[in-house]
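Subject: Structure for you to look at

Hello,

Here is the structure I promised to pass on. Please open it before you read the notes underneath.

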Amino acid sequence: MSEHLTADVAIIGGGLMGCSAALALRRMNRSVLLLEQGWCGAQASGVNYGGVRRQGRPETQLPLAQRSHAIWQGLPQLVGSSCEYTVSGHLKLARSDAEMGLLEEYREQAEKFGLQLEILGRAALRQRYPWLGDKVAGGSLCASDGHANPRLVAAAFALAAKRHGADIREGATAETATFDGTRFTVRASKGLEVKAKFLLNCAGAWGAAFAEQFGEHVPEFPIFPNMWVTEPMPKLVEPNVGIVGGGFYVRQVARGNFVLGGGRGTGQLAIASTRPASASMFASMKLACEFIPALQNALVIRSWTGVEGMLPDHQPVLGASVTTPGLFHAFGFSGAGFQLAPAVGEVLADLVVHGVTATPIQAFRIDRFSE
Ligand SMILES: Cc1cc2nc3c(=O)[nH]c(=O)nc-3n(C[C@H](O)[C@H](O)[C@H](O)COP(=O)(O)OP(=O)(O)OC[C@H]3O[C@@H](n4cnc5c(N)ncnc54)[C@H](O)[C@@H]3O)c2cc1C
């Protein structure tokens, strides 16, 4: 080993979860050493769709999402950039009365968590959003949801954590981690050895493999959501738009480009190689064109995907290890961690500093699959 380092907390992974935790911990005066195998924010956190949405989340995620929502409002003060975060509203479309029934039901559930949704019937919806096609049966608007530029967010959290004194090592892969009953020893590439009292597993789609070292088995598998972007078009669509069942999602950025998602691509986790799949992408684009006819004239200029860790119940792993004291996990956000990340960082910092958090995270415990 050529470099021996110590810190209160070692963090594996420089995605949004790891960087947000690094910042929260520095704000609580804990020394932090973060290891990222590539570049901070280059994986899921930097290539995602950019939806900052609470609408549609399961009840179990709403307290965490609400905590995050409050943090998103103060992003410039927290990380020094707005990251193009826009409170545009999130509009979920329905194509039938049955789907409208689901939206009504969800509105009642969400209200219990302080999330206000407005249900709009077909006529009211088309009057407010004349760019919608005639297939739409109605929709649900969460006026306080929005979107942001994912290319900027994780990088901004990483830089803010650095400014606050976090030691961030990029190009450093954590290869092994052990616990001697008091401290963790993490051996990483470039001859790094890190000793720390606490260890955070924020390794995204690689999180379950990391947890295995501590005898914790999680059925995480990689997914590769398709993304694509059109040429800039005249400004038309204000809200971030999705549809019941998730066939497509679309947002228009200030410059005029439409960013869309839908269907899944392919990839290989071991070599972090990912590729969008044209058949499922075209099927989603066709559906999007039926609901937003102006998209029929849009030229697609780029498509991509990224790798995300998915769990069978579509919920993340977040909380304490059941085998190893001082180890905390935050991975497998199942395609929906972008909005949650600022609160996840604070929750991890709560757990390290106080041993508990006020935000309910019981549904995300790591041993739920072994029951
Ligand atoms: C295409 C796509 C679209 C999405 N759209 C949305 C959306 O609109 N809204 C939403 O809320 N969520 C969305 N998500 C999900 C969201 O992006 C993720 O849930 C979130 O970014 C996960 O953050 P993370 O830090 O856990 O993972 P990552 O960003 O993947 O970071 C994990 C990091 O750990 C590093 N790492 C792994 N193993 C090691 C190791 N041994 N040593 C060192 N470093 C290691 C990796 O290199 C990586 O950088 C989307 C995801 C994808 C892929």
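The notes below go through the chain, its ligand and a few single residues.

This is a predicted model, in which local features need pLDDT of at least 70 and side-chain atom pairs count only at pLDDT 80 or more, while totals for chains, interfaces and linings use all residues. Residues are numbered from 1 along each chain as its sequence is written, and side-chain values use heavy atoms, with hydrogens and water left out.

The chain as a whole

The chain has 10 helices and 22 strands; these are DSSP runs, numbered from the N terminus, with H or I over at least four residues for a helix and E over at least two for a strand. The chain's radius of gyration is 21 Å, close to the 21 Å of the globule rule for 371 residues, so the chain is as compact as a globular protein of that length. (The radius is taken over C-alpha atoms, and the rule is 2.2 Å times the number of residues to the power 0.38.) The C-alpha trace spans about 65 × 40 × 40 Å along its principal axes. Of the 371 residues, 55% are buried. Buried means under 20% relative accessible area, exposed over 50%, and partly exposed in between, with a 1.4 Å probe and protein chains only.

The ligand

The ligand is surrounded by 35 residues, and the closest are Glu36, Ser45, Ala174, Glu308 and Gly337. A residue is counted here if one of its heavy atoms lies within 4 Å of the ligand. This shell divides into 17 nonpolar, 15 polar and three charged residues. In that count, Ala, Val, Leu, Ile, Met, Phe, Trp, Tyr, Cys and Pro are nonpolar, Asp, Glu, Lys and Arg are charged, and the others, Gly among them, are polar.

Where does the shell come from? At least two residues each are supplied by α1 (16-27), β2 (32-36), α2 (44-47) and β13 (225-232). The most come from α2, which gives three residues. Domain 1 (3-49 + 151-218 + 312-369) and domain 2 (85-147 + 222-310) each provide at least three residues; these bounds come from an automatic or database domain assignment.

Oxygen atoms of the ligand lie 3.1 Å from a polar backbone atom of Met17, 3.5 Å from one of Gly50 and 3.2 Å from one of Gln339. Taken alone the ligand exposes 1000 Å², and the protein buries 96% of that. Such areas come from the Shrake-Rupley method with a 1.4 Å probe; for residues, only the protein chains shown count as cover.

Single residues

Asn226 sits in strand β13 and is buried at 0% relative accessibility. A polar atom of the Asn226 side chain lies 2.9 Å from the backbone nitrogen of Ala277.

Thr357 follows α10 (341-354) and is buried, with a relative accessible area of 18%. The side chains of Thr357 and Arg67 are joined by a polar contact of 3.4 Å. A polar contact is a pair of N or O atoms within 3.5 Å; within protein, one must be able to donate a hydrogen and the other to accept it, and residues adjacent in sequence count only if both atoms are side-chain atoms.

Lys190 is not a glycine, yet has a positive phi of about 65°. Lys190 is exposed, with a relative accessible area of 58%. Ser334 has a positive phi near 55° and counts as buried, at 10% relative accessibility.

Regards
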